[in-house]
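Thanks for sharing this one with me. Here are my notes, set out as numbered points to read alongside the structure.

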Amino acid sequence: MRRYDADYWRRLDEQKQFPSEFFDAMAEAGYFGTLIPEAYGGSDAGPEVASVIVEEINRQGGDAAAINAQMAISGVIVRSGSEAQRARLEQIAKGKLKCLAVAATESDSGADMSQLESSAKRQGDGWVLEAKKMFISMAEHTELLLLLVNSEVGPTLFLIDVAEAKHHIEVRPMPMVVNRMTTSLFVDGLWVPDSARVGAPGEGLACLMRGFALRRILAAAESIGNARFLLDKSLEQAKSRHTFNRPIGQNQGVQYPLAQAYAKIEAADLMRWDALRELRSGSDAGGRSALAKILASEAAWEMARAALTAFGGWALASEMHIERKLRECTVFVFNNMLLSYVSHRVLELPKAF
Ligand SMILES: Cc1cc2nc3c(=O)[nH]c(=O)nc-3n(C[C@H](O)[C@H](O)[C@H](O)COP(=O)(O)OP(=O)(O)OC[C@H]3O[C@@H](n4cnc5c(N)ncnc54)[C@H](O)[C@@H]3O)c2cc1C
């Protein structure tokens, strides 16, 4: 990370660019195989290592989104892909094939994936796909795309080779608060062979959901990294900046928010490791991973608020990296679906929907 300091990430954020150089360096270091079994060319180092990688990138002022995507999205292929699809994992592990995007969300149905309007219709020994997707991150940079569409029997998942499908796919950038390279994506009359299907027809959402615990843990780790970056910067500022002839960190109005946020970051981190422990023991880690994501994203949000106080006006100057991290923290704070999951599955309250 010393070669890719916070200023490198600030420039990418300003120019809304993909971290190409950093991506290549991570590929060279062999990190993209972290969650891929050795039999398919990965290192199988495991979810604990993956979580430390994304945490550390964010903790040093980076944005792990692209790295997280390349490490974790291919987990769908590991768990549910055909042997022909798994044969591509080795190239993904080497970073030579970008597998960065899942296209599931649609503008009307939003969080309700049971109401997808996109369609997959049988034609010959393949399918014709039509879709309008919203908020799709990194679609302009990926070479493989996981696309969720509705077939006669329900949501069905396809692995699309973007270069082969390019005449039927249109991607339009959506300006957003963060550099997630988010787009709307349109698929028009794309024919794909049945071999492009991942998992059984109607099982597409289930295929994605099998990886949700891990994705939540990685989101928690990213949030903890963001929070610790903000805490480190704030402590430095609180100790070194003097007003009224004393360090600003001597004021309780500056100290206590930092101490409160620190307590929550540490608690969220313990929950993240507990979720990892459960995952390692073979449990689905559904409840623990949901709690880790909720606690970590909220701790980071609270930490961002405390950093605003510690930095005052300087917090809003881009050169300090606080306003960028504040924006990057927003991506993780949508937790209603997880709260609903915890209410029903853990606390056994009536199902909300
Ligand atoms: C930066 C960014 C990147 C994204 N990248 C991707 C991507 O790569 N691929 C992809 O497929 N999607 C992506 N998304 C989409 C994201 O998954 C959706 O925002 C999410 O599914 C919710 O859809 P929506 O925003 O339309 O919210 P809506 O469905 O309109 O919901 C609005 C609010 O109401 C809440 N809500 C809805 N229903 C309920 C309920 N029953 N109970 C309680 N609360 C409820 C939601 O939690 C939310 O807070 C991205 C979003 C963002 C912001």
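1. Let me start with the ligand: which domains give residues to the shell around it, and where does the ligand lie? Keep in mind that this is a predicted model. Domain 2 (99-202) and domain 3 (211-346) both contribute to the shell, so the ligand lies between them.

2. Staying with that shell, 21 residues surround the ligand, and the ones that come nearest are A104, G110, A111, F135 and N336. Three elements give two or more residues each: strands β1 (99-103) and β3 (126-137), and helix α13 (336-346). Sorted by class, the shell holds 14 nonpolar, 6 polar and 1 charged residues.

3. Now a step back to the whole chain. The protein has 13 helices and 10 strands. Its radius of gyration is 21 Å, close to the 20 Å that the globule rule gives for 353 residues, so the protein is as compact as a globular protein of that length. The C-alpha trace spans about 80 × 45 × 40 Å along the principal axes.

4. On packing, 47% of the 353 residues count as buried. Among contacts with a separation of 6 or more, 73% are between residues 24 or more positions apart.

5. The domain assignment also gives domain 1 (6-93), next to the two domains already met in point 1. The centres of domain 1 and domain 3 are 22 Å apart, taken over C-alpha atoms. Where they touch, 22 residues of domain 1 are in contact with 19 residues of domain 3.

6. Which elements make up the domain 1 side of that contact, giving two or more residues? They are α1 (6-15), α3 (47-59), α4 (65-72) and α5 (75-80). Helix α3 gives the most, with 10 residues. By class, this side of domain 1 divides into 8 nonpolar, 6 polar and 8 charged residues.

7. One residue I would click on is I92, in helix α7 (residues 89-93). Is I92 buried or exposed? It has 27 C-beta neighbours inside 10 Å, and a residue needs 20 or more to be called buried, so I92 counts as buried.

8. The partners of I92 are worth a look too. Leaving aside residues up to four places away in sequence, I92 touches F32, I36, S74, L97 and C99. Take F32 as an example: I92 and F32 are 60 residues apart in sequence, yet their C-alpha atoms are 7.0 Å apart in space.

How values were computed. Residues are numbered from 1 along each chain as its sequence is written. This is a predicted model: local features need pLDDT of at least 70, side-chain atom pairs count only at pLDDT 80 or more; totals for chains, interfaces and linings use all residues. Helices (H or I, at least four residues) and strands (E, at least two) are DSSP runs, numbered from the N terminus. The radius of gyration is taken over C-alpha atoms; the globule rule is 2.2 Å times the number of residues to the power 0.38. A residue is buried if 20 or more other C-beta atoms lie within 10 Å of its own, exposed if 12 or fewer, and partly exposed in between; C-beta atoms are placed from the backbone. Two residues are in contact if their C-beta atoms, placed from the backbone, lie within 7 Å. Domain bounds come from an automatic or database domain assignment. Ala, Val, Leu, Ile, Met, Phe, Trp, Tyr, Cys and Pro count as nonpolar, Asp, Glu, Lys and Arg as charged, and the others, Gly among them, as polar. A residue is near a molecule or strand if its C-beta atom, placed from the backbone, lies within 6 Å of it.
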